[in-house]
Amino acid sequence: MYMLHRLRGLGLSVRVFETGDGVGGTWYWNRYPGARCDVQSMEYSYSFDDRLEQEWEWTERFPSQPEILRYADHVADRFDLRRDIQFGTRVTRAAYDEATGLWRVETDRGDVVAARYLISAVGCLSAARVPAFPGAESFRGPSFHTGRWPHDGVDFSGLRVAVIGTGSSGIQAIPVIAGQAEHVTVFQRTPNYSVPAHNRPMEPEYQGWAKANYPDLRRRMRESHAGLLGEFNSTSALEVSDEERTREFETRWAKGGISFLGAYGDIAVNPRANELAAEFVRSKIREIVGDPGTAELLSPRDHPIGSKRICVDTGYYATYNRPNVTLVDVRADPIEEITPTGVRTAAGRHDVDMIVYATGYDAMTGPLLGMDITGKGGLSLRRKWEAGPRTYLGLMSAGFPNLFTITGPGSPSVLSNMIVSIEQHVDWIAGCVAWLRERDVAAIDADPLAEDAWTAHVNEVAQFTLYPQADSWYLGANVPGKPRVFMPYVGGVGAYRLKCEQVAADGYEGFVLS
Ligand code: N01
């Protein structure tokens, strides 16, 4: 939406294709119960328009999905965006025509359009994934993926519900479903670390203060590592006494939210520091969950804390104290098939009325490669990225002139507050397009050498951290056969922004202009 607004401002004619029937992207699709952002409301909003940020009133500390969707609708109305968006339309193919220097874009509705610039805003977590469980289609009851939730809601009253998956989506949905359903059976493959949200109504004083100080707060977010305001402590967890460390973890746990990971500067890079934070969360799980066996099953031990996206919950662990909730460890007792009446694991049958797939996404590359994109010389993006994505700055991939990828692989994207990263990319792309037009440059493309160097850098920085130690979607590990490549850039949004600005100031260094 912001890209459309900026391109209009440059006087370009713009056509947006959107699969959904409305705006909002991830917040349009993810209507599952309990869906809520884990970035605080005052930080999860556009900064590009003073009046917009002053007039919108957030009602909770962490915004719920319906509230963010209302915000997205408000933005669309306020800037009159809908007239250039064609809803209910999926882009199927895009091919670069070298003779004309134009992209030919095709949709599933039969549109064929020619465009000088093609900008992808397909998101990082939009290609929903349901694992190929044998027999899935034979199930007699309804089944839903969290990221494709029915618009009129789902009533769980009196139902036995299976939830498969315990990532951020499952962890948010399970407590709400358990509050309504007759019984919930959770199928867990990997336990995750989760910290409490401690969500609450927005304090008017805080909202007023943030709005009065927005210019400064936004600047701090842009210069920060993750695009957030949280207090990040740079000292080592190993430098302080056990008492002091526990106090710090307790304070952050009581505050709630992902800034728990900011307690010490070396949690993401030092295995010993990481284990101290991880063990603190495990101690909380033991404190909350009544049954010691269940508490142990819920305790992550196979990956460092933060190496998979940390979850933020409301009453997740306590949900397992309810008599109507059962936890099945599918590592020990794998799902063998879905039957007409439920889920059959190696050890037995679990009859249910409904299945909720909280099984995640083909992240980052999935949405891009879902379109058949061909560049110069008929080069296919799918072929080019067979061994993993290759980009320069996460913004372009060599051989695909004038194709920009907002929050593409190789940029901070999913490791940051997405709104901050989206705005940064949109501003950079708009600046680039304006610059090209002023100079009558027809095309910009990544230089393959700059791309090689950036791809190596993205990988090198990731190797310096504990991230590669987890089988996460950051690495494509959740999709069978996907190459194991760490896709987002872990160097931080502040440093990354400076790099992008420098490249532009140097006349788009590392790009080929023609
Ligand atoms: O997806 P996930 P998600 N058999 O991939 C399991 C963002 N988000 O939708 O870990 C059994 O994290 C899988 O198990 P394992 C956020 O960035 C944000 O929950 O692969 N289980 C895992 O438990 C997040 O990280 C918010 O072993 C299978 C689960 O399914 C990202 O979206 C809220 C399986 C998938 O977890 C994705 O989160 C929601 C199989 N064959 C999402 N295949 C907030 O802002 C997969 N699983 C709060």
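**Reading the ligand site and salt bridges**

An oxygen atom of the ligand sits 2.6 Å from an N or O atom in the side chain of Ser169.

User: What kind of model is this, and how are residues numbered?

Analyst: This is a predicted model, where local features need pLDDT of at least 70, side-chain atom pairs count only at pLDDT 80 or more, and totals for chains, interfaces and linings use all residues. Residues are numbered from 1 along each chain as its sequence is written, and side-chain values use heavy atoms, with hydrogens and water left out.

User: Which residues come nearest to the ligand?

Analyst: A residue is near a molecule if one of its heavy atoms lies within 4 Å of it. Here 23 residues surround the ligand, and Thr166, Ser169, Arg189, Thr190 and Lys308 come nearest. By class, the shell holds 8 nonpolar, 9 polar and 6 charged residues. Asp, Glu, Lys and Arg count as charged; Ala, Val, Leu, Ile, Met, Phe, Trp, Tyr, Cys and Pro as nonpolar; the others, Gly among them, as polar.

User: What polar contacts does the ligand have with Arg189 and Ala358?

Analyst: A polar contact is a pair of N or O atoms within 3.5 Å. A polar side-chain atom of Arg189 lies 2.8 Å from a ligand oxygen. Ala358 uses a backbone N or O atom, 3.2 Å from an oxygen atom of the ligand. The protein covers 89% of the 910 Å² of accessible area that the ligand has on its own. Such areas come from the Shrake-Rupley method with a 1.4 Å probe.

User: How many salt bridges are there?

Analyst: Side chains of opposite charge can pair when their charged atoms come close. The rule asks for a side-chain nitrogen of Lys or Arg within 4 Å of a carboxyl oxygen of Asp or Glu. By this rule there are 36 salt bridges. One of them joins Asp353 and Arg160, at 2.8 Å from N to O. Asp353 lies in the loop between strand 15 (348-351) and strand 16 (354-357), and Arg160 in strand 8 (residues 160-164), so the pair ties together parts 193 residues apart in sequence.

User: Is Arg282 buried or exposed?

Analyst: Buried means under 20% relative accessible area, exposed over 50%, partly exposed in between (1.4 Å probe, protein chains only). Arg282 is buried, at 3%. Its salt-bridge partner is Glu279, with the closest N and O atoms 2.8 Å apart. Glu279 is partly exposed, at 28%. Both residues lie in helix 9 (residues 271-288), 3 residues apart, about one turn of the helix.

Key. A polar contact is a pair of N or O atoms within 3.5 Å; within protein, one must be able to donate a hydrogen and the other to accept it, and residues adjacent in sequence count only if both atoms are side-chain atoms. Helices (H or I, at least four residues) and strands (E, at least two) are DSSP runs, numbered from the N terminus.
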